Amino acid sequence: MYIDGVFSGGGVKGIALVGALQAVEKKGLEFKRTAGTSAGAIIASLIISGYKGNELEKILLDTDLTTLLEKNSGYTFPLIRWLMLYWNLGLYSGKDLELWVGDLLENKGIETFGDLPEGSLKIIVSDISKGRLVVIPDDLAQYGFVPERFSVAKAVRMSASLPFFFKPQPLYSIDGKKHYMVDGGILSNFPLWIFQPPENKKPQRPVLGFQLSANFNHIPENKITNAVDMYQALFETMKQAHDARYIEEQKAKNIVFIPVDHDLTTAFKLERQSQKKLILLGEERTSQFLNTWRKLPDIIT
């Protein structure tokens with residue numbers, strides 16, 4: 001049976017989504033459309049390009065995640081790191097991440113959105129120059145781009161550009177204006193709304209969401225004792241508030257919650273055994289959910 005999938009952001013925590021995909025496949029379900037933010041955008045693009053769960057597990061376990069971050073010996077000095085952060089707006093460019101994703105997509109014959117079935121992939125990005133949420137490829141025409149010719153890997157890189165960790169990605173509109181694109185999670189870390197049908201219309205197929213956190217009703221309160229804590233709390237609030245309100249209204253009946261430690265977001269040095277545990281966690285939580293998931297009987301399959 002065909003379903004649509006929406007995947008949340010979460011940095012390195014996104015490894016758990018590979019296990020979720022494996023559980024979905026074991027149930028005989030297949031994704032017709034996918035959407036995601038940040039790490040969710042990576043998994044969404046790879047799934048819709050044809051990758052299976054076991055393929056992605058092998059790829060991840062065989063990849064040294066630190067190779068996705070450019071090396072610079074000068075960055076080892078704290079002062080240099082802060083200066084580079086100040087002038088470059090981020091510690092890493094994200095170029096190597098884009099190349100890695102691009103190579104994986106190319107192996108499946110995918111380069112641009114025109115290589116995919118129309119409407120099959122949606123990637124969430126934040127345009128901090130205009131202060132707006134951007135859905136790629138849908139909103140690209142507003143910047144003067146032909147959506148079908150836009151690189152999928154570039155869109156993924158934009159969506160995964162965690163502020164201050166990765167540099168914002170510039171996008172020049174047709175009028176020559178420079179727009180800084182960063183992590184879509186700033187405005188919608190879990191875009192479950194993306195496949196919502198128009199009012200009074202039935203959905204084409206079930207939409208299943210994968211959220212890399214505990215249920216929104218059980219998210220722990222932020223402890224704020226200093227400026228760093230306050231910044232983190234502000235960022236987490238930005239990521240969760242919009243989506244949490246939407247999910248509260250939707251009763252979260254079609255969401256797999258995978259509670260992963262928040263500290264793993266930028267843990268690119270995560271050991272192989274820890275990666276396996278994340279994959280297993282994703283598979284177990286998704287299998288448990290699917291065993292009791294009630295799909296609407298009047299959905300077109």
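**A walk from hairpin to cavity**

Strands E7 and E8 make a hairpin with five residues between them. In its turn, Gly176 has a positive phi of about 85 degrees. The model is a predicted one, and every value here is computed from it. The two strands of this hairpin pair in the antiparallel sense, over four bridges. Tyr172 of E7 (residues 169-172) stands opposite Lys178 in E8. E8 itself covers residues 178-183.

E7 has two faces. In a regular strand, side chains alternate between the two faces of the sheet. In E7, Gln169 and Leu171 make up the covered face. Pro170 and Tyr172 make up the uncovered one. Tyr172 thus appears twice: on the uncovered face, and opposite Lys178.

A second hairpin is built from E4 and E5. E4 takes in residues 121-127, and E5 residues 132-136. These strands run antiparallel, and five bridges join them. Val125 has Val134 in E5 as its bridge partner. Four residues lie between the strands of this hairpin. Here Gly131 takes a positive phi, near 65 degrees.

Next come the aromatic residues. How many aromatic pairs does the structure hold? There are five aromatic pairs. One of them joins Phe7 and Phe210, with ring centres 4.9 Å apart. Their planes meet at 5 degrees, so this pair is stacked. It links distant parts of the chain. Phe7 belongs to strand E1 (residues 2-7) and Phe210 to strand E9 (residues 207-211), and 203 residues separate the two. Are these rings buried or exposed? Phe7 counts as buried, because its relative accessibility is 1%. Phe210 counts as buried too, at 0% relative accessibility.

Phe289 and Trp293 form another aromatic pair. This one is tilted: the planes stand at 35 degrees, and the centres are 6.0 Å apart. Phe289 is buried, with a relative accessibility of 16%. Trp293 is buried as well, with a relative accessible area of 8%. Back at the stacked pair, Phe31 joins in. Phe7, Phe31 and Phe210 form one aromatic cluster.

Aromatic rings also meet charges. The charged end of Lys108 sits over the ring of Tyr51, 4.7 Å from the ring centre. Lys130 lies over the face of Tyr143, at 5.8 Å from the centre of that ring.

Now look at helix H2, residues 39-48. Why is H2 described as largely enclosed by the rest of the structure? The reason is burial: 10 of its 10 residues are buried, so the helix is largely enclosed. The buried residues of H2 include Gly40, Ser45, Leu46 and Ile48. After H2 comes Gly50, with a positive phi near 120 degrees.

Ala39 is a useful landmark in H2. Ala39 counts as buried, because its relative accessibility is 10% and the cut-off is under 20%. Along the chain, 118 residues separate Ala39 from Arg157. In space, their C-alpha atoms are separated by 9.7 Å.

Ala39 also leads to the cavity. Rolling a probe the size of a water molecule over the atoms shows where empty space is left. A search of the whole structure finds one cavity of 30 Å³ or more. The largest cavity has a volume of about 460 Å³. Its lining holds 30 residues. Which of them lie nearest its centre? They are Gly11, Val12, Gly14, Ala39 and Ile42. The elements that give two or more residues to this lining are helix H1 (16-26), H2, helix H3 (53-61), helix H5 (95-106) and strand E6 (164-166). H2 supplies the largest share, four residues. By class, 20 lining residues are nonpolar, eight are polar and two are charged.

E6 is the strand among the elements giving two or more residues to the lining, and Phe165 is found in E6. Phe165 is buried, with a relative accessible area of 16%. Leu69 is 96 residues from Phe165 in sequence. From C-alpha to C-alpha, Phe165 and Leu69 are 10.0 Å apart.

Note on methods: Residues numbered from 1 in each chain as written. Predicted model: local features only at pLDDT ≥ 70, side-chain atom pairs only at ≥ 80, totals over all residues. Heavy atoms only, no water. Buried < 20%, exposed > 50% of the residue type's maximum accessible area, 1.4 Å probe, protein only. Phe/Tyr/Trp six-rings, centres within 6.5 Å; stacked < 30°, edge-to-face > 60°. Lys NZ or Arg CZ within 6 Å of the ring centre and 35° of its normal. 1 Å grid on protein atoms, 1.4 Å probe; cavity = no way out; pocket = protein on both sides within 12 Å on 5 of 7 lines; lining within 4 Å. Points joined across faces, edges and corners; volume = space filled by probe spheres on them. Nonpolar A, V, L, I, M, F, W, Y, C, P; charged D, E, K, R; others polar. Pairing = 2+ DSSP bridges.
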